[in-house]
Amino acid sequence: MRIDHTHKRWAIVTAILFLVSLAVYVPYSLESAHGPSGGSAIGIAFGVVGYGLMIFATLLSLRKRFTTWRIGRAQTWMRGHLWLGLLSYPIILFHAGFSLGGSLTTILMILLSLVIASGIFGAVLQHYLPNLITERVAMETIYDQIDRVRAQLVEEADRLRLAFSPTLEGLLAPAMSNERRIAALTLKLVNSQTRSHLTEVYSDQIRPYLSARSARGSNLRSERESKLLFEQMRTVSPEMLHEIFNDLENICQEKRDLDRQSKYHRWLHSWLLGHVPLAAAVMVLGLIHAVVALRY
Amino acid sequence: MRKRTAKQLGTRHDLNYFKTWTRRKLALALLAACVPVLFLAWLGVQGLRGDSVPYSSGKMSRAHAVLGKQCDTCHANFVGTLRVGGFRKHAQDQACLTCHQAPAHHADLVTFTPTCGSCHAEHVGSVQLARTADQNCTQCHSDLKTTHGSPHMVNAILSFGKQHPEFAALKKPDLTTIAFNHSVHMKSGLLGPPGSKTRNVDLECSDCHRPSGEQQGPWRFGSAQWQHASANEAPLGPMRDSREALMGPISYDKHCIACHSLPFDTKAAGSVPHETPAVVDGFVRTALTQYLKTNPAAWRETEAATRRIPGVQQVALQAKSPDDWLKDRVASDETLLWGKTCKQCHAETTSPDAHDSQLGLPKIQPASMPTRWFSHSYFDHSAHSAVRCDSCHAAALTSARTSDVLIPGIDSCRSCHSGASNSSAESGCFLCHQYHDWQQRKPFKPVYTIPQLTGQAD
């Protein structure tokens with residue numbers, strides 16, 4: 001989600017709430033004989049509000065799980081998650097009086113700090129990376145469907161391969177046009193050495209590259225290397241097959257885009273692997289802290 | 001040429017993809033479940049060990065750190081003075097009083113008594129528990145009300161730096177009956193002990209004023225005994241103690257005698273002892289009797305008239321017998337002593353009742369010299385040993401009257417103890433005042449053993 005003018009109202013409301021909290025905290029802090037404490041009436045109030053904000057921020061995951069519920073737009077929830085989640089941090093600091101307390105509360109503060117830091121990092125990534133993906137990934141698809149699309153690319157390439165390495169079944173396949181059947185037969189009859197070379201290139205380089213999730217070590221990961229390879233294939237093959245190689249080259253280009261998209265999406269979402277579990281730990285330990293502190 | 005329409009692109013996706021659990025979603029869910037469980041497991045292990053420390057609200061003070069794992073030592077329930085176990089969120093006063101004495105603060109005057117924990121905050125790290133915040137005091141003293149109504153003292157004190165009355169000792173004159181002129185003694189080039197031919201004595205404050213712990217001398221202007229380090233008092237130990245804090249009392253024998261001897265008669269050498277008139281009287285009689293025994297013809301000598309007391313003209317004496325000579329001589333010497341020598345410093349009561357009815361001797365008024373000027377607060381001279389005496393006691397250089405109180409005023413203290421948070425010396429109430437009335441302390445019976453306190457007891 002880009003942090004644009006649509007966030008203005010949320011930012012203003014958050015700033016106002018922060019200033020109000022600050023206006024309560026400063027005199028309370030100065031007048032407390034032993035300094036601010038989470039156990040005082042105002043300290044407990046800050047704790048309740050801070051934990052409430054964290055609960056609200058956590059509800060975003062439920063909102064995402066139940067997309068059809070009519071409880072507000074997901075974008076609104078996301079903005080609330082972002083700004084009110086951020087506000088929870090100073091409120092909790094006010095609750096704690098900027099001290100760490102015992103080991104449980106120290107762990108809680110460390111976890112909350114990590115959650116907030118990872119959240120800010122994620123927000124920055126979500127602000128800049130989508131534009132970068134749009135610029136650099138021409139054939140973008142749904143991230144979770146990349147494996148499925150890649151399998152379809154492999155299927156499509158296998159069909160094209162029949163043009164220079166025909167089998168009887170391939171030649172009879174309904175998906176093959178008559179022009180390609182003729183081209184394939186011509187190649188088969190005219191130059192068996194060229195045919196075996198092209199088949200070898202496809203089997204050893206193109207197909208492994210397309211099927212692999214990461215394809216490390218493949219020269220087709222490089223656009224320049226890819227161009228050279230397909231240029232060479234076109235050089236040694238009859239002109240009527242050039243279109244086949246153009247299509248294969250295009251498929252490889254799409255695979256490169258998918259790989260690039262995967263890489264950007266890993267950046268875009270990997271922070272969640274820290275943010276979400278730590279947030280879950282904060283909620284659970286926060287509840288235990290609240291119960292123990294209020295009960296005992 | 002490879003052509004792809006939007007429709008073709010759309011159909012290659014699984015439309016229910018969001019309902020399926022991808023590896024990423026699974027990893028996220030697994031981590032979100034496992035990480036809290038890990039922390040719960042940690043708490044569980046601590047619970048099985050019987051360790052409640054994770055739930056502590058903060059680090060214990062250094063004084064109580066040994067109790068860090070024995071939460072119930074302080075957080076037990078008490079009924080009266082009886083410990084009944086269980087766990088109590090806020091430690092009761094009785095838990096503190098099991099180990100500490102804490103006599104009440106003006107028990108008959110205060111409108112409420114705060115709990116121990118409200119002033120001595122625990123679980124806030126390595127703090128000095130006695131270093132209580134000013135707010136604990138000013139919650140009452142900023143607008144003091146007592147059970148008897150308005151108090152006679154200043155009833156609005158906010159802090160030492162901002163609103164604190166002048167020291168009470170400065171509000172009334174020094175009622176000491178010993179006449180003393182500081183300005184005369186602080187002049188340069190004093191004559192010094194009898195026999196001095198040059199005026200070369202420059203007195204220093206420490207010639208008379210030193211902490212109680214340094215009273216053994218040597219004293220430059222004390223008796224011969226005191227001019228050298230004496231074994232009469234216990235020497236200082238290797239450790240500092242409270243005797244370093246307050247100045248010791250002034251005594252004639254240590255501080256005055258070298259210059260101000262007490263001669264009494266030209267026939268008898270030496271001085272009278274610095275004692276009561278009765279002792280002095282006895283000493284004079286004995287000394288003259290002894291002189292008469294040594295010089296049996298002395299009573300026949302005519303004593304020339306002298307003018308020993310300003311304004312009093314003495315006539316020539318001619319005794320008729322040794323007893324007569326002795327009587328006249330004692331009377332003459334004591335007239336000098338009571339009328340001049342003693343009176344130079346001491347106040348004598350002049351009313352007839354004040355004279356000893358049997359001996360006809362004057363009564364010397366008690367010196368009434370305060371050994372402690374701040375009766376309700378504490379000042380440590382040793383903590384201020386880097387500061388020159390006259391920097392605070394500037395008036396001592398010019399004071400001519402005994403009634404001048406020479407302790408510095410509050411403004412002098414505020415030069416350093418201004419109360420400014422970062423640029424001043426400590427100025428909290430606790431620095432000079434104590435809340436607990438230690439005069440009310442009672443015999444105390446300890447209850448814990450070391451293993452109980454350290455958690456090693458079964």
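**Figure 1. Surroundings of B:Arg285 in the predicted model.** B:Arg285 counts as partly exposed because 16 C-beta neighbours lie inside 10 Å, fewer than the 20 at which a residue is called buried and above the limit of 12 for an exposed one. The model shown here and in the other views is predicted. B:Arg285 is part of helix α9 of chain B, which covers residues 277-294. A second arginine, B:Arg329, is placed 44 residues from B:Arg285 in sequence. In space, the C-alpha atoms of B:Arg285 and B:Arg329 are 8.9 Å apart.

**Figure 2. The loop that holds B:Pro446.** B:Pro446 sits in chain B between helix α12 (410-414) and helix α13 (450-454), in the loop that joins them. Is B:Pro446 buried or exposed? With 7 other C-beta atoms within 10 Å, B:Pro446 is exposed, since 12 or fewer such atoms put a residue in that class. The view also includes B:His100, which is 346 residues from B:Pro446 in sequence. Computed along neither chain nor side chain but from C-alpha to C-alpha, B:Pro446 and B:His100 are 9.0 Å apart in space.

**Figure 3. Two residues with positive phi, A:Phe98 and B:His106.** Most residues other than glycine have a negative phi. A:Phe98 is not a glycine, yet its phi is positive, at about 60°. A:Phe98 belongs to the loop of chain A between α3 (74-96) and α4. A:Phe98 has 12 other C-beta atoms within 10 Å and is therefore exposed. In chain B, B:His106 likewise has a positive phi without being a glycine, here about 45°. The loop between α4 (93-97) and α5 (116-119) of chain B contains B:His106. B:His106 is partly exposed, because 14 other C-beta atoms lie within 10 Å.

**Figure 4. Packing of helices α2 and α11 in chain A.** Helix α2 of chain A runs over residues 41-65 and helix α11 of chain A over residues 272-295. The axes of these two helices are 11 Å apart and form an angle of about 145°. The crossing of α2(A) past α11(A) is left-handed. Which residues make the contact between α2(A) and α11(A)? From α2(A) come A:Gly47, A:Tyr51, A:Met54 and A:Thr58. From α11(A) come A:Ala279, A:Val282, A:Met283, A:Gly286 and A:Ala290. Six residues of the contact of α2(A) with α11(A) are nonpolar, three are polar and none is charged.

**Figure 5. The side of chain A that touches chain B.** How many residues does the contact take from chain A and from chain B? Chain A gives 32 residues and chain B gives 30 residues. On the side of chain A that touches chain B, at least two residues come from each of α4 (103-136), α5 (146-161), α10 (242-270) and α11. The most come from α11(A), which gives 11 residues to this side. By residue type, the side of chain A that touches chain B has 16 nonpolar, 11 polar and five charged residues.

**Figure 6. Chain A and its two domains.** Chain A has 11 helices and zero strands. The domain assignment gives chain A a domain 1 made of residues 5-128 + 272-295 and a domain 2 made of residues 143-268. Taken over C-alpha atoms, the centres of domain 1 and domain 2 of chain A are separated by 52 Å. The C-alpha trace of chain A spans about 100 × 35 × 35 Å along its principal axes. Chain A has a radius of gyration of 29 Å, whereas a compact globule of 296 residues would have one near 19 Å. Of the 296 residues of chain A, 30% are counted as buried. Among the contacts in chain A with a separation of 6 or more, 74% join residues 24 or more positions apart.

**Figure 7. Chain B as the setting for B:Arg285, B:Pro446 and B:His106****.** Chain B contains 13 helices and four strands. Its radius of gyration is 38 Å, well over the 23 Å of the globule rule for 458 residues, so chain B is more spread out than a compact globule. The C-alpha trace of chain B spans about 155 × 65 × 50 Å along its principal axes. Buried residues make up 13% of the 458 residues of chain B. Residues 24 or more positions apart supply 55% of the contacts in chain B with a separation of 6 or more.

Notes
Residues are numbered from 1 along each chain as its sequence is written. Chains are lettered from A and ligands numbered from 1 in the order in which they are written. This is a predicted model: local features need pLDDT of at least 70, side-chain atom pairs count only at pLDDT 80 or more; totals for chains, interfaces and linings use all residues. The radius of gyration is taken over C-alpha atoms; the globule rule is 2.2 Å times the number of residues to the power 0.38. Two residues are in contact if their C-beta atoms, placed from the backbone, lie within 7 Å. Axes are lines fitted to C-alpha atoms, for helices over the stretch in contact, and angles run from 0 to 180 degrees between N-to-C directions. A crossing is left-handed if the near helix is turned anticlockwise from the far one by less than a right angle, and right-handed if clockwise. Ala, Val, Leu, Ile, Met, Phe, Trp, Tyr, Cys and Pro count as nonpolar, Asp, Glu, Lys and Arg as charged, and the others, Gly among them, as polar. Domain bounds come from an automatic or database domain assignment.
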